[in-house]
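Me: Could you walk me through this structure, starting with the side chains that meet each other? I am still learning how to read such models.

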Amino acid sequence: MNQLWKMDPNIKKTKNSADSANYPEAIQSPSQFPDEVLEKVLSMLHSHKDRSSVSLVCKDWYNAERWSRTKIFIGNCYSVSPEIVARRFPRIKSVTLKGKPRFSDFNLVPQNWGANIHDWLVMFAKVYPLLEELRLKRMTVSDESLEFLAMSFPGFKALSLLSCDGFSTDGLKSIATHCKKLTELDIQENGIDDVSGSWLSAFPDNFTSLEILNFASLNSEVSFDALERLVSRCKSLKVLKVNKGIGLDQLQRLLVRAPQLMELGTGSFQQELMFRHCMELENAFRNCKNLQILAGLWDASYVYLHVLYPACSSLTFLNLSYATLRSDEFTKLIAHCPNLRCLWVLDTVEDKGLEAVGSCCPLLEEIRVFPAHPFDQDINHGVTESGFLAVSHGCRKLHYVLYFCQQMTNAAVATIVQNCPDFTHFRLCIMNPGQPDYLTDEPMDEAFGAVVKTCTKLQRLAVSGLLTDLTFEYIGKYAKNLETLSVAFAGRSDWGMQCVLGGCPKLRKLEIRDCPFGNAALLSGLKKYESMRSLWMSACNVTMNGCRLLAKEMPRLNVEVMKDEEDDSHVDKVYVYRSVAGPRRDAPPFVLTL
């Protein structure tokens, strides 16, 4: 809540505010530093949390922080309005803005829900003519908005769009045509209308400033001649991620022109090459002395994986989430990657492949294992607790895991967290909802109990499997640093959610779907929601009366209800968040703000 209050100082603080008792005295204390010195000191603070904290010291520090801030992060585009942001921070050059709830990644947020960027851009054009960076996640972005962006900010340098929708390659063409100082164009996992690849030809012939180019998620073929010329001109290019329309022979030509790359996303890795061309590609990788991150490898064929070996020893991040490698293929590759800190793979590598990770990658800090066929229940291959155990035995620095698996046991999870007690992110997804410990047929309560008891630094947790309220009792009792909790198909009663809301002091995001939690659970968070970023509940036992009561008791919360049926009592989806801007003005008809 304090973050939101600082956006609009006209809002009065209340007794619910964590620092309301101390703030009135502190705010009146005179600063001991001249304004110029104070602004210079504060400009060296890069942490959003640190800057927010110092702004509460006194009025002078508040104003100095206000005038010295050039970057802003907004985790929910409806928690504040563009007008309030513009009043609060007059010198912003970089904006990071998030829109739709995370469950939109799973198609749980209806189409045309909102989070349109255009009103923000109109305000930025009025107050931030020196805007240089815009980073958007789960926002709706139109071609008109991209053209407006390109035409309104002559010094614009960086555009990052992640999981956004509403635009086409025509919008990218506007960016390429008009943003003369562009250093970053990062287009990743967006719902984009992929009209054609001609947008790459729109970069002017004298354009040389690009440092980051990522169009890996686009489907249309691009003009390779235009791409090759662009890469040749941009001598400072450090990141290049191409789509699967780029073949191995073309990749070799790009690497020859950009040996300075630090991050590479390849195109398709399956093509018939003559021996000479294969050697040329291997030499191109050998000459990339600075390469640290490798991704892509669509349709990877083991025949050509050896060309990567010369570059593997320097890799710190290997992203194979699009490469359906089998265990024997993967094992040979991973043996050449002793310095990996981060690894993303598909479960086609199986437990044998993960055993190789445990043996070859002692410095690994993050691993994500994704399902190659998430909706096919008849698939027999995949990973189990054995692979996870092997990684934990060999990679004792592991602190981030996302693990999709076919089966798991309580004992295995307890051993894993004993091996790696420094987990900050633990996201375990047992593919079949409600599946118990497959050896004992017991609920998975003790597994997640072991996680929260052992991993005292835990910030993010996603639970799965057969879970009773005991899991949530453990979470409420032990997870004192937890910030984000994701729950699906779990729990027995309202008591489970009540334990979490009553026991996790740092909780900021709570995401729940397909659980038996109802009104009592929802209303148990009355004193909690103002300090949180958001609550999402879908397919639970919440009713309209419960939501209305929450909205009545907490008028500064936006309680948004989305109904799929004509039933007036049942609520299919409810999204709760704190906002200093009040109910949003662009809510579609199916969203009712109480």
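## Rings, charges and the chain

Reply: A good place to start is Tyr 575, which is buried, with a relative accessible area of 4%. Please keep in mind throughout that this is a predicted model.

Me: And Tyr 577, is that one buried or exposed?

Reply: Tyr 577 counts as buried, at 1% relative accessibility.

Me: How many aromatic pairs are there in the whole structure?

Reply: A search of the whole structure finds 17 aromatic pairs. In one of them, the ring centres of Tyr 575 and Tyr 577 are 5.0 Å apart and the planes are at 45 degrees, so this pair is described as tilted.

Me: Which residues are in the cluster with Tyr 575 and Tyr 577?

Reply: Ring pairs join Tyr 575 and Tyr 577 with Tyr 78, Phe 103, Phe 106, Trp 113 and Trp 536 in a cluster.

Me: What sits over the ring of Trp 113?

Reply: That is the charged end of Arg 584, which is 4.3 Å from the centre of the Trp 113 ring. Arg 584 also lies over the face of Tyr 78, where the distance to the ring centre is 4.5 Å.

Me: Where does Arg 584 lie, and what does the salt bridge with Glu 560 tie together?

Reply: Arg 584 is in the loop between β22 (573-578) and β23 (591-593), while Glu 560 is in strand β21 (residues 557-562), so their pair ties together parts that are 24 residues apart in sequence. In this salt bridge the closest N and O atoms are 2.8 Å apart. Glu 560 counts as buried at 0% relative accessibility, and Arg 584 is buried too, with a relative accessible area of 9%.

Me: Which side chain meets Arg 584 in a salt bridge at 3.2 Å?

Reply: That side chain belongs to Asp 586, and the 3.2 Å is taken from N to O. Asp 586 counts as partly exposed, at 36% relative accessibility.

Me: Changing topic, how many salt bridges does the structure hold?

Reply: The structure holds 18 salt bridges. Among the residues involved, Arg 102, Lys 509 and Glu 511 are linked in a network.

Me: Last one: how many helices and strands are in the protein chain?

Reply: The protein chain has 22 helices and 23 strands. Of its 594 residues, 56% count as buried, and among contacts between residues at least 6 apart in sequence, 69% join residues at least 24 apart.

Terms used. Residues are numbered from 1 along each chain as its sequence is written. This is a predicted model: local features need pLDDT of at least 70, side-chain atom pairs count only at pLDDT 80 or more; totals for chains, interfaces and linings use all residues. Side-chain values use heavy atoms; hydrogens and water are left out. Rings of Phe, Tyr and Trp (its six-membered ring) pair if their centres lie within 6.5 Å; planes under 30 degrees apart count as stacked, over 60 as edge-to-face and the rest as tilted. Buried means under 20% relative accessible area, exposed over 50%, partly exposed in between (1.4 Å probe, protein chains only). A charge sits over a ring if NZ of Lys or CZ of Arg is within 6 Å of the ring centre and within 35 degrees of the ring normal. Helices (H or I, at least four residues) and strands (E, at least two) are DSSP runs, numbered from the N terminus. Contact means heavy atoms within 4.5 Å. A salt bridge is a side-chain nitrogen of Lys or Arg within 4 Å of a carboxyl oxygen of Asp or Glu.
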